[in-house]
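Here is a short briefing to read alongside the model. It takes strand pairing, a buried strand and one buried side chain in turn.

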2 protein chains.
Amino acid sequence: MSDPGATVVPSSAPPVPSGPPPKLTSRGRSTDPVASSNSDSSDVPEFEPFGMPGPRGFPPDFLDIFEVDMMRGQEDINRKQHRTDLFNSVDLIVRRGQEFQVKVTFNRAYNPAQDKFALEFIIGTSPHYSKGTYIPVYPNKERRTAWEGRIANTSGNTLTIGVTPAADCIVGKYHMYVAVVTPFGIRRTRRDNSRDLYILFNPWVKEDAVFLDNEEEREECVMNEFGIIYHGAFDDIAERNWNFGQFNYGILDACLYIMDRAEMPITNRGDPIKVTRKASAMLNSRDDEGVLVGNWSGDYIYGVAPTSWTGSTDILISYAKSKMPVCYAQCWVYAAVFNSFLRCLGIPSRVVTNYYSAHDNDGNLKTDIILNESGRIDRNRTKDSIWNYHCWNECFMSRPDLPPGFGGWQVVDATPQETSDGLYRCGPASVMAIKHGQTCYPFDAAFVFAEVNSDVVFYSRSREGTMEPVKVNRSHVGRMVLTKTPGDTTRRDITEHYKYPEGSTEERTVLEKAESYGCHREKSDPPPADVDLVLPALEVTIGDDFDLNLEFVNNSDEQRIVDAYISGSVVYYTGVTAAEFLFRNPMVTIGPKKSVKELVVVESKNYLKRLVEQANLNFIITGKVQETGQIVSTMKVVPLRNPKLTVTVAEFGRVSEEMTATVEFTNPFNFNLEGVYVRMEGPGLMLPKFKYYSLIPAGSSLIWVEYFAPLRAGKSRVFATLDCPALRQVHGQATITVEP
Amino acid sequence: MSDPGATVVPSSAPPVPSGPPPKLTSRGRSTDPVASSNSDSSDVPEFEPFGMPGPRGFPPDFLDIFEVDMMRGQEDINRKQHRTDLFNSVDLIVRRGQEFQVKVTFNRAYNPAQDKFALEFIIGTSPHYSKGTYIPVYPNKERRTAWEGRIANTSGNTLTIGVTPAADCIVGKYHMYVAVVTPFGIRRTRRDNSRDLYILFNPWVKEDAVFLDNEEEREECVMNEFGIIYHGAFDDIAERNWNFGQFNYGILDACLYIMDRAEMPITNRGDPIKVTRKASAMLNSRDDEGVLVGNWSGDYIYGVAPTSWTGSTDILISYAKSKMPVCYAQCWVYAAVFNSFLRCLGIPSRVVTNYYSAHDNDGNLKTDIILNESGRIDRNRTKDSIWNYHCWNECFMSRPDLPPGFGGWQVVDATPQETSDGLYRCGPASVMAIKHGQTCYPFDAAFVFAEVNSDVVFYSRSREGTMEPVKVNRSHVGRMVLTKTPGDTTRRDITEHYKYPEGSTEERTVLEKAESYGCHREKSDPPPADVDLVLPALEVTIGDDFDLNLEFVNNSDEQRIVDAYISGSVVYYTGVTAAEFLFRNPMVTIGPKKSVKELVVVESKNYLKRLVEQANLNFIITGKVQETGQIVSTMKVVPLRNPKLTVTVAEFGRVSEEMTATVEFTNPFNFNLEGVYVRMEGPGLMLPKFKYYSLIPAGSSLIWVEYFAPLRAGKSRVFATLDCPALRQVHGQATITVEP
C-alpha cells in the first residue's frame, strides 16, 4: 500500500495492452454518424405516443388509413408528366420541383376541420427535419414545409394528394409514410416497399439547379439512350455507337449504389456540383474501388477490352451486383458510363471528344519535345504525351458557388489522370471559365484549360546538356472539340465553347489571364523557319501499303538544304510510342521560292506486326535547315481504318414483335484471328449480348443471328463490335424504325 | 484444321485465365513513371561519351576534379546567410532564390577560354531538364539556365562558385555533380552523400512565393521553435506550450518523407499551394496512412493521449522511423505538428485558435438546436455541434491561382473533418477571401467561412413534428480568433482578419455575398424576446463547488413569467455532450423593467465522476415566456481549471553546461490517479522525455529531476505535462535564459 503524502517513484515500464486495439469511435466527436447510404434506412415507429398518461386504444371515430396508392403504373399520370415512363421499373419515379400525386383512402370521409394527417418522406438512416432527410407534407396550406402539399381531389373516402418536392431536395430513394394524428399520439403506416419512390433531378423546372431551357437539348442529354462518341483524328474522324441504357432495369439502383459505395453523405445528394464531383472520382476504381478499372497496356485477358464494349448496361449492373470494379476502361468508356449515370439521375450531360489533348503533363501549358543537335527527336528525353483524342463529359447546371456567368455546361472527367488536385477525379469545371481563362475557379479548370490550350515546344538539346526552345506550335493541341448533335446523328463542333479563334485578340487575352493564375507557358517565341513542311491528310485502310507525300516549301529567296528525319511509329491513342517502324534521313535541297516533294513508301508488312490497340500510326518529321540552323517540324496521326462488321436488321419493326439481327464478318487478313469477342446491343431494342470465337482463320467468316423484340417505338440502331488482341475496334450498325 | 472461306461457329465458352491477373502497367499510357520520391534517385553515369568513334582515354591536359567542398560547416558562410544554422544536421541546407557557395579544386588552374564545366543538380528519379529535376549551372554568364552561376573567387586551382537556385525551384534534397566537358565526352564526379544538399522555401527573398516582408513575423513564423496554443473558452483563455522542434535532428528528413509517403510528384514540391494542400491531407492518417491518428473517444490506452504531448519531435521522428501513423491527436496536435512541417520547410506559419467553431455541420451556415414545445432542449434531435474551440494553421504565400488581393495568410487544417470536398484535408483558403465572403475560391474557403460565421438557430418542434425557428443567434460562433504575438509570449487577437465587426454594414454585405455562393443561412428573423438571460463569466477550479448566478432581465413594461430549463452537462471540447449532471426547471416571475437572480449551486460531487477529457462544463439555459410564447436562451462553456505541475529550472544557463529541471506534482484529490504519464521538453534545451507512474495515491507527490545541457543561447522554456485517464491536461513551465 502506498502511503498518502509520500513521494511516488516512476514505474519501470508502462503496461502494454493486450489484444487488438479498440475500434475508434466518434464518441466525443459527433452525436450521430453521418448517413451515407441510401439503401439503409431507419424504422419509424408505427405509433408515437404524446407521452401523456391517458387511456389506451383509440376513439371510435378516429381517422384510419385503409389504402395508399402511389399511382406508379403506366396508366397513372405521374410517369408521363415526370418523363420517367421509359424507366424499366415498377416503382414510382418522379422529378423534384414538380407535383406528383398519390391516393390515400381512409375508413371514412376526411374532415379538414378536425382531422390532421401528413405524408412523411424519409431518406437514409437518422432522418432529420433540418437536414432534409425527413419531410412531413401537410395537405393544407396553413402549415407549409419545404415540400408543398394540396388536396387535388376528394372522392368519397379517397383523397388524391398532390406533392411537390422542393426543387433542391435530395435525389435518391425515399420511403413515404402516412401519419395520422390521434388524441393519444401519431399513428403511421407500416413500412412497405410499394411505398418507396425515387426522386430525380429535374431539368424541366426553373428552380432546379440543373434547369436547361431547351427542349431539344433536354431530349438528347437526359432522355436519349443512344450515343455517338467520336475518335480517330481531327482530319479523319471515326465514330463509335454507344447504348447509355440509363432506363434499363437496375440502372437507377446501380447509380444510387455508386454513391452509397462512395459513402457520400445523403445530405449532399441534392447538389449537382457535389454529386458530379463525387461521381467523377467513383467512376474510376482508383482510390475508392469505383466502377471501372483503367487499362492501357494492351493486355485485357482478365476482362473486357475497352474497345469491345457496346454500352453501359453490363458495366453498371455488374458493378452493383458483384460490388467489385469492372475491367477494363479507357477514356471513352469512362465518359460513356459517366454519361449513363448523369442522364439516369436527370442531370443533362453529353460526351465530348477533344482532338490532340495535352495530358499527363502536370497541368502546365507546355508539352515538350526534345530534339538532339542535328534536329532528330530524342525519344528518351521526350516524356510528355499528347493524346490523339480524349473524351470527357459535359453536364449542365448552375454554379452558385462561382460568380455569375459561369453556370451552364461543366466539364467532368472520370478518366484517372495524374494531377487533378492529387486525386483521380476532375471537375465540374465551368466551360465558360475555361474559355475566359478564369482558371482560378473550382474545380480543376486549370487542368482542363491545359488540355485544350497547351503549346508544343520543341527544344534543341546540345550534347553538353543545354536546352534551347527552337519552335513553339501554339495551335496543335485542342485542335477540335466534338459532340453529337441533339436530335440528330451528325456531329457538332463545339470548339468555340472552349476557345476563341486561334490568333484572335481575345485568345491572347485569355492566355495571359490563365498565365496570371499560374499556368506556365513557354515565353520565348523563336522566329519561324522559312521552310515549311506539309504532310497532307491520309485515309488508310489497315493492311494497305501507302505513300507519304511530304512537301518541303522554301519561302525564302535563297536555296535551302534540309537535313530531314522522317520517323513513323505505331502509337497508342494516348500518344505514347509503341515502336518505330520507319526511319528515313533524306537531305532535301530546295531552290528559292520552290517546293520539293519527298515520297516515302510505307509498306504494311513493316507496321502490321507492330500494331497496338486502335491501330494508329504517328509520323513526326523534323529537320534542320543547314543555312540558318532553324528547326522545321510537322506531326500527323494516321488512324488506320479497320474492316467493318456487317449488321443487318429489317428497316421496320413493331413493339414486342420478334425479329432478327444478323452480324457478319470475314477475316480479310492472311493470318488467323484468335480469342475473338463479338458484342451486340440496341437501345430500346436488345440488351447486350456477346459471342466468343476462339479462332477465325484467315479468310473465314462468321454469321451470328440474334432474335429480339423491340421494347418501344421510335428510331434506333442495332450495333456490334468485334474485338481480339490482333484486331480491335471493328464496328458495324444498322438503323431500324419501330412502330407502336 | 479450319478451312479458309468456311463459316466459323462460336466456341462454347471463352478461356478462363489461370494464375493471378497481371500487374497493370502504364505501358500505352505514359512514357515514364512520375517521380514521387525524394529518397530514391537515379544514377548518372560518370562518363557520357559524345557517341563519335574516337580514341579512348583523355588528353594529357584535360581538366580534372580533385576536390569538391560543399561549404556546409558551421564556420562557412552558407548556414548563417541562409538562416539554417539552427538545423541539427551536417548537410548543406540552403534557401532558394539566394546565392550559396561551393568550392571546386581542379588538377590545374581553370582556363575560362578553353575549359567547360557545369555543376549539375539532380532531384528524384528520372531527372529531366524541362521538369526542373535536372539543373545544370554554368559558371559563366553566356550560358544561363534557371539557376544562376558565377565564379566568386579564384585561388590557384580552386574556384569558389556562387549558385543561386531559382526562387520557384523544387524544395527537397538534391545531389550535386561536377561535370567536365572533355573532347570525348562528359566526365562527372561519382555520387557521394557529402554532396547532397537541401533546398528550402525562402520567405526572405521577394521572388519566392512565400516571401513575407516583415522580419519580426519571419523570425516567429519560420525560426521560432517555441509555441503557445490557446484553448479553454473565449472568456477564460488557457494556454498550452509546444515545442515545434523544426530544427531538431531528423525532422527535415521526416518532413520530406511525409511527401514521399504521399507519393507527391517531385515536380509539385516547389509550389507552396500544392505542398500545403497535400500536407493538410497527409498530417492525418485518414485516406492515406498519414502522420496522426485522430481520437476523440477518451480511450487512449493504445497510444499517447492527445493532451499529453509536449512537442512535435517525437511524433515526426516516430512516423518517419516506423512508417506507421502515430496515436493519437486532436485538433491542436494536428495544428502543432503541421506547423513544425511548414516552418521546417521554410513556409511561414502559425497556429490559430477559433473559439466556438461550427463544425461537422456540412459547411452550411446554420447550427440547429431543437427545443420541444415547452422550450426544453431536445437532445436526440439536436445533431450539430459547436466546438468550444478549434485550432488550425495559417501559412503565408502568394496565390497566383486567384485574382489579385487574396495572397497572404491562408488557412490550412489537417484535422480530419467530414466535408472538405469529400476528403480529409482543408485549404489553403485565403483569409482575405473568408473575410470578404469570396467563398468561391479554392480551397475550402466556404468551409472555413462557416466555421467562423455560422448562426445558431433555435427551432421549436411541435409534438406533431412541425418545426419553427424561434431564435437566431448570429454572434455566438467564431467569437474570437487568437494566435501568439510574434517575438512575445502574449496573445494576439486576429478576429478582424476573419470578419468585419458584428453588426457592421460590411458584415452584412459579406454574409450576403457568401450566401450568393451557395452558403445556406436561416432567413427568418424571429423578433427578440423582451426577456434577457445573463450568465456571467465563471472561473472554476476542478473539484470546487460553485454558484451559477443566472439573471433574468425583463425589458418590457409588463410582468413576465418564464418557464426556465437549466441544464448543465459535461462536454467534450467538440461540444458533444457526455452526460447531463444538473437539471432545474424553475418558474421565474419578473416584474416590469425588473430583473431577478436565480442562484443554482453546482456541487463538485455531481460533475467530478462524469468528467471527460478537458473537463469542460456546458450550461444551456432555455425557457419560454408564458405571456408571449417567446423563447429565451443562453449558453456558456466553463472549462474547469486543473491543478498545476511545478517546473523548476535555474534562471540562467550556459550553452553545453549541464543543469537540472525539476517537475513536481501533488495529487490534490481524494482519489488515486492511475496510469500517469509525465512529459517534459524544451526548445533548444532538451529533447522530449517521459516518465510513467502506475499510481499516484490521493495526496501523494512526485518529483522528477532531469539533467540537460542547453544547445544554444537565448530565452526559452522547459515545460511539462501530466496526463492520465482521470485527469488530463495538467501543465507547468519555467523560463530560462541561456548565455553563449
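**Strand pairing, burial and confidence**

A:Glu67 stands opposite A:Thr105 in strand S5 of chain A. This pair belongs to a predicted model. Strands S3 and S5 of chain A pair in the antiparallel sense, over 4 bridges.

**The four-stranded sheet**
- S3 and S5 of chain A are part of an open sheet of 4 strands, in the order S3-S5-S9-S8, with antiparallel pairing.
- S3 (65-69) and S8 (148-155) of chain A are the edge strands; each has a single partner strand, so one side of each lacks a neighbour in the sheet.
- From one strand to the next, the twist averages 25°.

**Strand S37 and its partners**
- S37 of chain A spans residues 673-682, and 8 of its 10 residues are buried, so the rest of the structure largely encloses this strand.
- S37(A) runs antiparallel to S38(A), residues 686-696, and 8 bridges join the two.
- S37(A) also runs antiparallel to S40(A), residues 714-724, through 5 bridges.
- A:Val678 has a partner in each of these strands: A:Lys691 stands opposite in S38(A), and A:Leu722 is the bridge partner in S40(A).
- The hairpin of S37(A) and S38(A) has 3 residues between the strands. There, A:Gly684 takes a positive phi near 75°.

**A buried glutamine**
- A:Gln410 lies in strand S20 of chain A, residues 408-412.
- Is A:Gln410 buried or exposed? A:Gln410 is buried, because its relative accessible area is 0%, below the 20% cut-off for burial.
- The side chain of A:Gln410 has a polar atom 3.0 Å from the backbone oxygen of A:Phe406.
- A polar atom of that A:Gln410 side chain also lies 3.2 Å from the backbone oxygen of A:Gly408.
- Leaving aside residues up to four places away in sequence, A:Gln410 touches A:Asn393, A:Glu394, A:Cys395, A:Met397 and A:Arg399, and also A:Pro428, A:Ala429, A:Ser430 and A:Val431.

**Confidence**
- Chain A has a mean pLDDT of 89, and 93% of its residues reach 70 or more.
- Among the elements of chain A, strand S4 (residues 92-95) has the highest mean pLDDT, 98.
- The lowest, 78, belongs to strand S2 (residues 47-49) of chain A.
- For the complex, the predictor gives an ipTM of 0.75 and a pTM of 0.85.

Notes
Residues are numbered from 1 along each chain as its sequence is written. Chains are lettered from A and ligands numbered from 1 in the order in which they are written. This is a predicted model: local features need pLDDT of at least 70, side-chain atom pairs count only at pLDDT 80 or more; totals for chains, interfaces and linings use all residues. Side-chain values use heavy atoms; hydrogens and water are left out. pLDDT is the predictor's confidence in each residue, from 0 to 100. Two strands pair if DSSP finds at least two bridges between them. Axes are lines fitted to C-alpha atoms, for helices over the stretch in contact, and angles run from 0 to 180 degrees between N-to-C directions. Buried means under 20% relative accessible area, exposed over 50%, partly exposed in between (1.4 Å probe, protein chains only). A polar contact is a pair of N or O atoms within 3.5 Å; within protein, one must be able to donate a hydrogen and the other to accept it, and residues adjacent in sequence count only if both atoms are side-chain atoms. Contact means heavy atoms within 4.5 Å.
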